[in-house]
Amino acid sequence: MTTTQGPRARPHPRIDALSVICSDLGRSVAFYRALGCDLPEPDGTGHLACDLGGVSLMLDSEEVLASFAPDEPVPQAPNRVTLAARCATPEAVDALHDELVPMGRGSLMAPFDAFWGQRYAVVLDPDGSSVDLYCDQPGAPVLQAPPT
């Protein structure tokens, strides 16, 4: 952990977890397992987590989230956070897209060869959050995606 300089030096925080709110925890577990997440079986607590290599992915049921702030509405997708999964090959992007579409809410973008040098697709998880699937195209120069 790094610190700032000066008389009131304090450690900088570090983002080490991402949380996904789920309306059906079991369905979301199956979806994210298909993306390679080593999630345990739901245990009735409404909260599950797995390590993604130094960052945790947490799945929380809507009921758990509502218990923290009972007077606040539970956020609904689509939201402003997108997860992304790197695939090994362009064919793997296509296969994973086809596997995930019936597990979630469908496809936002079918697989295509993007001008920035990737095979790219976007699927929706069971609650409508988008998950990008991508792989660098062999031999293609990788460019920055255009600003949205």
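1. What is the order of the strands in the open sheet of four strands? The order is S4-S7-S6-S5, and the pairing is mixed. Keep in mind that this is a predicted model. S4 and S5 are the edge strands, and each of them pairs on one side only. Neighbouring strands in this sheet are turned against each other by 15 degrees on average, with direction ignored.

2. Start at the S4 edge. Strand S4 covers residues 83-86 and runs parallel to strand S7, residues 130-136. Four bridges join the two. Within this pairing, arginine 86 of S4 stands opposite tyrosine 134 in S7.

3. S4 has two unlike faces. Leu83 and Ala85 make up the covered face, while Ala84 and Arg86 make up the uncovered one. The general rule is worth recalling: side chains in a regular strand alternate between the two faces of the sheet.

4. The model has another open sheet, this one of three strands. Its order is S1-S3-S2, again with mixed pairing. The edges are strand S1 (17-22) and strand S2 (47-51), each pairing on one side only. From one strand to the next, the twist averages 20 degrees.

5. S1 and strand S3 (residues 56-61) run parallel and are joined by six bridges. Look for valine 20 here: it stands opposite leucine 59 in S3.

6. Each sheet has a helix lying across strands. Helix H1, residues 25-34, lies across S1, S2 and S3 and runs at about 155 degrees to S3. H3 lies across S5, S6 and S7, at about 10 degrees to S6.

7. Which residues of H3 are buried? They are Pro90, Val93, Leu96, His97 and Leu100. Viewed down the axis of H3, the buried residues fall within an arc of 120 degrees, so they line one face of the helix. The spacing can be read against a general rule: an α-helix has 3.6 residues a turn, so residues three or four places apart point the same way. Glu91 and Asp98, on the other side of H3, are exposed. The cover over the buried residues of H3 includes H1, S5, S6 and S7.

8. Now the nonpolar interior. The largest nonpolar core has 25 residues, and Tyr32, Leu35, Leu59 and Leu133 touch the most other members. At least two residues of this core come from each of S1, H1, S2, S3, S4, helix H3 (90-100), strand S6 (118-124) and S7. H1 gives the largest share, five residues.

9. Leucine 35 deserves a close look. Leaving out residues up to four places away in sequence, leucine 35 touches Ala85, Leu96, Leu100, Val131 and Leu133. Of these contacts, Ala85 is on the covered face of S4, and Leu96 and Leu100 are among the buried residues of H3.

10. Another core, of five residues, lies apart from the largest one. Its members include Ala114, Trp116, Tyr120 and Val122.

11. The structure holds five aromatic pairs. One of them joins phenylalanine 115 and tryptophan 116, edge-to-face, at 5.2 Å centre to centre with 80 degrees between the planes. Are these two residues buried or exposed? Phenylalanine 115 counts as exposed because its relative accessibility is 58%, over the 50% cut-off. Tryptophan 116 counts as buried because its relative accessibility is 11%, under the 20% cut-off.

12. Tryptophan 116 also pairs with tyrosine 120. The ring centres are 5.3 Å apart and the planes are at 80 degrees, so this pair is edge-to-face. Both tryptophan 116 and tyrosine 120 are buried. Ring pairs link Phe112, Phe115, Trp116 and Tyr120 into a cluster.

13. Finally, check glycine 104. Glycine 104 sits in the loop between H3 and strand S5 (106-113). Is this loop residue buried or exposed? Glycine 104 is buried, because its relative accessible area of 8% is under the 20% cut-off.

14. What is glycine 104 in contact with, leaving aside its neighbours within four places in sequence? The contacts are Arg27, Phe31, Leu124, Asp125 and Pro126. Arg27 and Phe31 fall in H1, residues 25-34. The C-alpha atoms of glycine 104 and valine 123 are separated by 7.6 Å, though the two are 19 residues apart along the chain.

Definitions and conventions:
Residues numbered from 1 in each chain as written. Predicted model: local features only at pLDDT ≥ 70, side-chain atom pairs only at ≥ 80, totals over all residues. Heavy atoms only, no water. Pairing = 2+ DSSP bridges. Axes fitted to C-alpha atoms, helices over the stretch in contact; angles between N-to-C directions. Contact = heavy atoms within 4.5 Å. Buried < 20%, exposed > 50% of the residue type's maximum accessible area, 1.4 Å probe, protein only. Core = buried A, V, L, I, M, F, W, Y, C linked by side-chain atoms within 4.5 Å. Phe/Tyr/Trp six-rings, centres within 6.5 Å; stacked < 30°, edge-to-face > 60°. Arc of directions from axis to C-beta.
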